[in-house]
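Reader: Hello! I am new to this structure and would love a close look at one part of it, the salt bridges. Could you walk me through them slowly?

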Amino acid sequence: MHLLIYHACTHVCIAELAGCIRSWENDPGHGGVPGEVKVVADNMMNLELLFAGSRLTGDNRYAAMAISHARQNIANHMRPGGSSFHVVAYNETTGDIRRKYTHQGFSDSSTWARGHAWIIHGFGTCYRQTGITEFLRTAEEAAQWFIDRLPEDAVPFWDFDVASFSVYQPRDTSAAAVGASGLLELYDITKKAVYLETAERILTSLSSAKYRADGNMAYRIPAVLVNGTQFYNENNFNTAIVYGDYYYLQAIYRYRNYVPADPGSSTTTAPTTTTLATTPTTTSGVTPTAQQHFFWSSVTTTIVLTAMQAMAVY
């Protein structure tokens, strides 16, 4: 495992003038503009590998790469108020910004739902790894923007700017799952109840028949969740996405740390909701309710039954 992480870290394409990691080459499938260093919001999720590389090898260059990338993301991907750009393209020669745009979202000025969820999760992880408060502040600003714009069932549309359109717009269960896991990361750090409560709303909806692969027997696909939007502009939506399933299960795994299945197994105190945390913490600080115990038990059953159906497809 250590060798795999070392190999991955030594093959990261760092663009020193831009101060960040190149996400894509300049091929036609990713914009096709030569002379650019393209950086996507999604890459915030890859930085944990670099922190692990430094921890395991003793070489701090990898962590320094991650910190530089995250700071450039704050400076250039984040908008005032907490929304985000999907892609920032830098000049390959000078490191200056050439353009800010979307690749998978609705428009260059909109906020692509899964990209924003990656940002919430990624900055929470960066804070956990470093204790650098600007990373936590960015994660919380992005999270509040996300929370404030969720629809009634807490599963976002594929892009936040299409929610009011009169024509049909698909949801993205993968964005919901990533967001829920990221919010639980923030709850673990800050003990702010809004993060736990919102994650629970998301997980409740994702665990319903509406979004489960076994909710409609006509689906017959090897997946846990459906109604994911892989790439709307290429007509790839209302589908199952493997990382949607992954982050859904990760969120459930995290959720169980705060709401155990056994009502007698936790007697901790209620969460505080005042200020930003200054150091990472891992205690839960929540007293589970009877409804939460019921939810956890129901979700456990759902996962087992859905997984059994997914395997039966094969």
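Author: Happily; here is a walk through the salt bridges, followed by a brief stop at a surface patch and a pair of helices.

This is a predicted model, in which local features need pLDDT of at least 70, side-chain atom pairs count only at pLDDT 80 or more, and totals for chains, interfaces and linings use all residues. Residues are numbered from 1 along each chain as its sequence is written, and side-chain values use heavy atoms, with hydrogens and water left out.

A salt bridge here is a side-chain nitrogen of Lys or Arg within 4 Å of a carboxyl oxygen of Asp or Glu. Searching the whole structure turns up 14 salt bridges.

Let us start with glutamate 36. It is buried, with a relative accessible area of 2%; buried means under 20%, exposed over 50% and partly exposed in between, using a 1.4 Å probe and protein chains only. Glutamate 36 pairs with arginine 99, and their closest N and O atoms are 2.9 Å apart. Because glutamate 36 lies in strand E3 and arginine 99 in strand E5, this salt bridge ties together parts that are 63 residues apart in sequence. Strands (E, at least two residues) and helices (H or I, at least four) are DSSP runs, numbered from the N terminus. Arginine 99 counts as partly exposed, at 28% relative accessibility.

Glutamate 36 also forms a salt bridge with arginine 98, where the closest N and O atoms are 4.0 Å apart. This pair too links distant parts of the chain, 62 residues apart: arginine 98 sits in strand E5 (residues 97-101) and glutamate 36 in strand E3 (residues 36-40). Arginine 98 is partly exposed, at 41% relative accessible area.

Elsewhere, arginine 61 bridges to aspartate 59, with 2.6 Å between the closest N and O atoms. Arginine 61 is exposed at 54%, whereas aspartate 59 is buried at 19%. As for networks, salt bridges with shared partners join Glu36, Lys38, Arg98 and Arg99 into one.

Now for the helices. The axes of helix H4 (residues 113-130) and H5 come within 8 Å and cross at roughly 150°; axes are lines fitted to C-alpha atoms, for helices over the stretch in contact, and angles run from 0 to 180 degrees between N-to-C directions.

Finally, valine 167 is found in the loop between helix H5 (133-148) and helix H6 (173-190). At 52% relative accessibility, valine 167 counts as exposed.
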